[in-house]
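Here's a set of worked exercises to go through with the viewer open. Try each task yourself before you read the solution.

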Amino acid sequence: MMKFPAFCLMLLVCMLLLPTYAMGAESPSGIKLYMNEKKLVSNEVQPRIVSGNTIVPVRIIVEEIGAKVSWDEPTRKVTIVKGDMNIQLVIDSKTALIKGKKESLEVAPIIEKGNTMLPLRFIGQLMGIEFKWDSLTSSVHMFKKDDSDSKPVTGPIDVVDDHNQVTPPKPPVPGTGTNPGTITPDPNAHLLTSIVLSEKELAVFAKDGSLVPTMMKLSNPNRIVFDFPNTTLDPSLQKLLVNNAGELPSKHPLVAKVRFSNFADNPATVRIILDLKGLADYRVQPSKLTNQWTAAIVEHQLTVVIDAGHGDNDPGALSITGKHEKDFTLATAKKVEKLLVQDKRVNVLMTRSDDTFIPLDDRVSFGNDNQTDLYLSIHGNSAKATVSGTETYYNRPESLAFANVIHKNVVAAAGFPDRKVRQADFRVITKTNMPAVLLEVGYLSNKNDESAMYKEAFQDKIAASIVAAIKEYLNLK
């Protein structure tokens, strides 16, 4: 979805530069670290802030991301290795060696109670970690870099930018195989022999091997894209290409035409695009033959994902009376589901329906893989005991209208102070590819908010307001 998030790192640093720290004072203890929502625990030395930088014990981070760390006592040097990345740091020195080249650090590594402490931002920049700083809970949420974050579509047919708009392909680079008509044949690729779109389904056949495509839906105009890795067109399909693009007529009532190409050569990939007349979904059909792949093309059904935040070993915030956030979110989400499924026009999916831990990336994939129209994540907030109110978060511009409708309805139902619609980079609203909103119903750390949030009648009101908001947004009268 995005390239390495330098912006996220810059944002983290800016948020950490609170006035007391800007003067070089250290932060109070209690900074919590999470890696892919797994809490990282240091039994000896706690993370803290020095001169605007969060410093952490080296092993708690580098070992979590699969790097190796070694210590040389005579030179007081720490070496961190992961793949081709080699980082060498010297205690109390602001100069580091990165792949043999000198670079400057904002804060020097130090030794504290026998533990090497390194600046977290520095590690993240080099090891591909995304960050989110939660100032209310003094938490750093880290996410390992996902190689799939890169743009999913590049090549001669329908190059897609970050907003899913069609843009002209970039000029070809000699030798890359990205120029139409210059795809280099892969002798190990399986021959794709047939592409057939009937009145009901798309069927693809290969001479041998397995057909396991990646799939995506695009809008403006509406298309469904299927990429078949490790395949290349056989001669019968190859001869239909003009500038590496072929077309087939459609008998399907929802599809205008079929396009196909030898899309890439590393790995060899055949791309098939269905140009839709309107909205449509695909449903992959089971097959006993690995070299045959079939998907029914069906009328689109509105699909909404309800995400109950946290779960199992991730309890979320602890309320002022010792209750867990995960219990509030699940109870409320299930009430939303119960009400929303009564409308047969809507397909309701839950990321969890019991006390289960679902990693954030799995929550995101669940939404993206199910061709979802809307994604709502339900949470309870926590801060100082005096803070009260409802907040609604969005990330991408296309989610703002949904956020406004949710916020308006929930604020009216909850009766808590209106803490506005806000923009943030929570994982489930940045990585999902549909309008997505994270709702903080109220503050579990506030006596009045919390006393209401665990009552059935209040949860019923919130659930009804959420359902009303979803129907309003989808124009379901």
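A residue is called buried under 20% relative accessible area, exposed over 50%, and partly exposed in between (1.4 Å probe, protein chains only). This is a predicted model, where local features need pLDDT of at least 70 and side-chain atom pairs count only at pLDDT 80 or more, while totals for chains, interfaces and linings use all residues. Residues are numbered from 1 along each chain as its sequence is written, and side-chain values use heavy atoms, with hydrogens and water left out.

**Exercise 1. The whole chain**

Task: work out what share of the 477 residues is buried, and how many helices and strands the chain has.

Solution.
- Start with burial: 50% of the 477 residues are buried.
- Next, count elements, taking helices (H or I, at least four residues) and strands (E, at least two) as DSSP runs numbered from the N terminus. You get 11 helices and 31 strands.
- Now look at contacts, meaning heavy atoms within 4.5 Å. Of those between residues at least 6 apart in sequence, 65% join residues at least 24 apart.
- Finish with the surface, computed by the Shrake-Rupley method with a 1.4 Å probe. The chain exposes about 22700 Å², and 53% of that is supplied by carbon and sulfur atoms.

**Exercise 2. Helix α6 and what covers it**

Task: compare the reach of α6 with its expected span, then find what covers its buried residues.

Solution.
- The expected span is 1.5 Å times one less than the number of residues. For the 16 residues of α6 (325-340), that gives 22 Å, and the C-alpha reach from first to last is 23 Å, so close to expectation.
- Buried residues in α6 include Phe328, Leu330, Thr332, Val336 and Leu340. Charged names turn up in that list too, among them Glu325, Lys326 and Lys335.
- An α-helix has 3.6 residues a turn, so residues three or four places apart point the same way.
- The cover over the buried residues of α6 includes strands β26 (302-308), β27 (346-350), β28 (374-381) and β31 (436-443). Helices α10 (447-453) and α11 (456-474) are also part of that cover.

**Exercise 3. A loop residue and a helix residue**

Task: place Asp314 and Ala452 in the fold, and say whether each is buried or exposed.

Solution.
- Asp314 sits in the loop between β26 and α6. Asp314 counts as buried because its relative accessibility is 11%.
- Beyond neighbours within four places in sequence, Asp314 is in contact with Lys326 and Phe357. Its C-alpha is 9.0 Å from that of Ile358, 44 residues apart along the chain.
- Ala452 belongs to helix α10. With 16% relative accessibility, Ala452 counts as buried too.
- Leaving out residues up to four places away, Ala452 touches Phe416 and Phe458. The C-alpha atoms of Ala452 and Ala414 are 8.7 Å apart, with their positions 38 residues apart along the chain.

**Exercise 4. Salt bridges**

Task: count the salt bridges, and find which parts of the chain Glu450 and Lys323 link.

Solution.
- The rule is a side-chain nitrogen of Lys or Arg within 4 Å of a carboxyl oxygen of Asp or Glu. By this rule the count is 19.
- Glu450 and Lys323 meet at 3.9 Å, N to O. The pair links distant parts of the chain, with Glu450 in helix α10 and Lys323 in the loop between β26 and α6, 127 residues apart.
- Glu450 is buried at 5% relative accessibility, whereas Lys323 is partly exposed at 36%.
- Arg419 and Glu391 make another bridge, at 2.4 Å, N to O. Here strand β30 (418-423) holds Arg419 and strand β29 (390-394) holds Glu391, 28 residues apart.
- Glu391 is buried, at 0% relative accessibility, while Arg419 is partly exposed at 23%.

**Exercise 5. An open sheet**

Task: give the strand order of the open sheet of 4 strands, and say which strands are at its edges.

Solution.
- Two strands pair if DSSP finds at least two bridges between them. The order is β3-β4-β11-β10, with antiparallel pairing.
- β3 (48-50) and β10 (110-112) are the edge strands, each pairing on one side only.
- Zoom in on β4 (53-57) and β11 (115-119): they pair in the antiparallel sense over 3 bridges. Ile55 stands opposite Pro119 in β11.
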